[in-house]
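Reader: I should be grateful for a close look at the salt bridges in one part of this structure. Please set out the partners and how far each is shielded from solvent.

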Amino acid sequence: MKVALTKARFSENFLKTDQIDDHLKRNLEELLAYGISAGADFVEIFIENIDSIAFLAEQDTVTSVNPSIGKGVGIRVFLGNKDGFVSTNDFSEQGLKFALDQALGMLGLERNSISKYSFNGLNVINDYGKAKSGYLSLCPSLKESTNKVLEATSLLQKHGPHISVRRGSYSKTFQEVIVASSDGTYGRDLRLYQSIGLNVLALDKQYRSSIGRRIGSAGKPNTLLDWDAEATAKEINESAEKMLYAKYVSAGQMPAVLANKFGGVIFHEACGHLLETTQIERGTTPFEQKLNQQIANKAVTAVDEGLTDGAFGSISMDDEGMETQKTVLIENGILKQFLSDRAGELRTGHNRTGSGRRQSYAFAAASRMRNTYIEKGPYDPNELIESIDNGIYCKSMGGGSVGATGQFNFSVEEGYLIKNGKLTDPVKGATLIGEAKEVMPRISMCANDLDLAAGFCGSISGNINVTVGQPHIKVDSITVGGR
Amino acid sequence: MTMSNNESLISEQNLRDKLTKLSNEIKIKKWDLGASIGKDTSVQIDKGEPKQIKASQKSSITIRVWNKENAVGITSTSDLSEAGLRKALNSAFSASEFANKLESPNFSKLSQNALPNLQRPIGQSLGVKKLLAYLIEAESKLLDKHNSIKSIPYNGFAESKYERVYINSDGAFRHMESTQASLYLYARAEEEGRKPRSSGSIKLAYAADDINIEECINEAAEKTLRHLNYQPIKTNKYLICFKPEAFLDLLTSFSNIYNARSIIDGISLSNKNSIGEQISSNIMSLSDEGLHKDNFGACTFDGEGTPTQNITLIDSGILKNLIHSEATARIFGCNPTGHAGIGAKVSVSPDWPVIYKTKGETAKYPDLQFQHTKEEFVLVENLHALHAGIKSSQGSFSLPFDGWLVKNGEQISIESATIAGDIKNLLKNIIQIEDDNQSTHQGVCPHIWVDELAVTGDA
């Protein structure tokens, strides 16, 4: 049914009340109608209101508390395969129409009077945020939060004789978003993200080691108070002490066992990014023509999803208003699906997967990962280590990256040599190097201890929260950079 | 769609008046504010067609307030309306309750000193249509450079106008406008039966019209094509020559060496007594020159309103000075150096490193020249994944790189390799610094030679 649209009255300040909800509907419809009447194929408006706080504790003192508040609008217009995107903090009627004019102008279009036959109006709002409105008030107070993190930095000292620098950080972000599109999409969500970081630097004469851990959650107000700070502090200190006197690893080609949790960062970087449709658009993925073909060892099944309760990359709807889902990327080694957003679907033909994500209103959404992991296999983790005569065990991974030609590299934060099926000396300075299409077939064993870890992923649409994960896995051969 | 070049994005006077009025209402006597307001336009293309065109109008303000106990609270906001500023002031005041009483920042004593006279042009905006037309032409020319160049997967042409403001309740009042344009072209080349190779070029200027597009195309093509004929390298220790961009990347990643904040926090490779120590070969000197003529992002003041200045950090291998904020300078008993951000705990960071050969010092191997040396060495062009491979508080690095194995003057592109070492050892093992100081988009540096670093390859 066509909806007759008339000009809605914009409030003096579009977001005067700081509320992003259904009361904006008329104004949003008017903006969308202007865009469609100008000849655009598709218009999308993303509005964001953000309220966050972060603090840093060093040794036994809170040294910095940083609240941040902000709001903004991103307007995207498509004409054929092309799109124009404009973001602004200016919520006045004039500011919003100027932003729309800019986006239209990028595609050679011009705003005219509204045609009532060109736009059907927005659907009834799909309000995923309704059940989450009390989240913020359920979170611990700033006082409780700082006390908890100070308790953690204090525990770091208790468990580590050589710990020189102790740092704890915490951030809480409450994001309120609304997506309104000319195809009728009309969704709202409230998102609560929390992240806790704990880092140490251990020192003894010329020896140094630094170890860190991150805990992250989505939609769990009690994350901080539920956190077992003592267990994390103990784990970090044990690692720092072991790595303090570790020798540098010798470079070479060798089998490797990668631990669970953050070990999954390699799959995320080396393979996951290559399964995003933005990589197909650029022609930078070797997997473009490999759908339904074997790209990994049969032992590997990998998924990306936004559904795991409380996981850092979980979302109710993506930033294009699509409900989240579980997407099987690789099943028993066979490529099953790419991650696709609206532009990806338009330009590559791969169906959207609820993967359109962005850091904020200042970025256009792009196909991005959520919670990405290799599924568990049949083995006990010890069986993987026992199967190796000479190799490396990567207990904890640092960061890494993948280049335009698919080559990846990752630093190993905590590593041990494997000799005759047993863990031996700790080693530092190791880097894992390779290419996804060569390494994926070499993942020959997956253990039964799948676990996830929180992280941040930076890419074309900014920094977003994600989860990586895997069980312990064995790679038959990989290049290890060292000294 | 064109940016209005003469129109200010912000009324500083209006902002100061609003803050003064609101702080009086809330009974906050001491406050300061740092603001950045900008307009950006950028375009990306794919095979002659616009792929994404973006524009933004952004404002970002950080407000600090001091409570009766002289403790500092802070809030950042993008909302410049009166309601937004009131909310931010109140939020900052609440945050001051949790301030670090052991180390409280103050106003910089230089925040009302005269600023350096920085005569930088304000560029004219080209607008989307011209940016697109230039980029499409550049892509076409780059693709035509060689049959093996199949695509330009990473490309962008952008222009921006920014204004920065610093105001405090003691009357400091800083304002600066700047424009910047950037072009980047990263080509991907592929030959039958060979792995794809990728490289590129970035160019900066005050205005898009001043960008040397031809040079960017030629550099991107040359770099990409020179890597086509690659070979694996044997894992070993090699004589190394760093190209300027690579060495700047590496040294900047370890800037904690001369960063007073890092020293106080215990995460520096130096300590409070390191000034006067020999930390590198005596042929290396380093200054930080935020006002350098080639620094397109130059600003005349830092986040605390301190004037930007050029400062010698390492002279003949000896650590001479540190970079400071107001708080770190107070602890060290010196003046702030114009390297501060703004915050409850103020960060300190370098502006524009200039590395050069110390006058009058002779290198251990003065005959080494990257264009003429016959001895085998590895020429490191670009370092990658610095965020992952640098352990800044430990001093170690292990980084993938693009480069060449050079034998008898013949350069063979290295297929895939990492370079690893320890920065303190590396600095002391510098055996030659060439005389070819080159301005890059991140600083100035010549070719620098280092003895014996470990390279891991696939051979």
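**Charged pairs in chain A**

Author: R191(A) has a relative accessible area of 5% and is therefore buried. In this predicted model, the partner of R191(A) in a salt bridge is D189(A), with 3.4 Å between the closest N and O atoms. D189(A) is likewise buried, at 0% relative accessibility.

A further pair joins R188(A) to E176(A), whose closest N and O atoms lie 3.2 Å apart. R188(A) belongs to strand β6 (residues 186–204) of chain A and E176(A) to strand β5 (residues 163–181) of chain A, so this salt bridge ties together parts that are 12 residues apart in sequence. R188(A) counts as buried at 10% relative accessibility, and E176(A) counts as buried at 12%.

These strands may be set beside a domain record. An unreviewed UniProt entry lists residues 140–244 of chain A as "domain: Metalloprotease TldD/E central". Over that stretch the chain is 48% strand and 36% helix, and 36 Å separates the end C-alpha atoms.

A helical pair offers another setting. K97(A) forms a salt bridge with E93(A), the closest N and O atoms being 2.7 Å apart. The two residues are four positions apart in helix α2 (residues 93–106) of chain A, so about one helical turn separates them. K97(A) is buried, at 8% relative accessibility, whereas E93(A) is partly exposed, at 26%.

Finally, the total: over all chains, the structure holds 52 salt bridges.

How values were computed: Residues are numbered from 1 along each chain as its sequence is written. Chains are lettered from A and ligands numbered from 1 in the order in which they are written. This is a predicted model: local features need pLDDT of at least 70, side-chain atom pairs count only at pLDDT 80 or more; totals for chains, interfaces and linings use all residues. Side-chain values use heavy atoms; hydrogens and water are left out. UniProt positions are given in the numbering used here, feature names are shortened, and annotations may be inferred rather than shown by experiment. A salt bridge is a side-chain nitrogen of Lys or Arg within 4 Å of a carboxyl oxygen of Asp or Glu. Buried means under 20% relative accessible area, exposed over 50%, partly exposed in between (1.4 Å probe, protein chains only).
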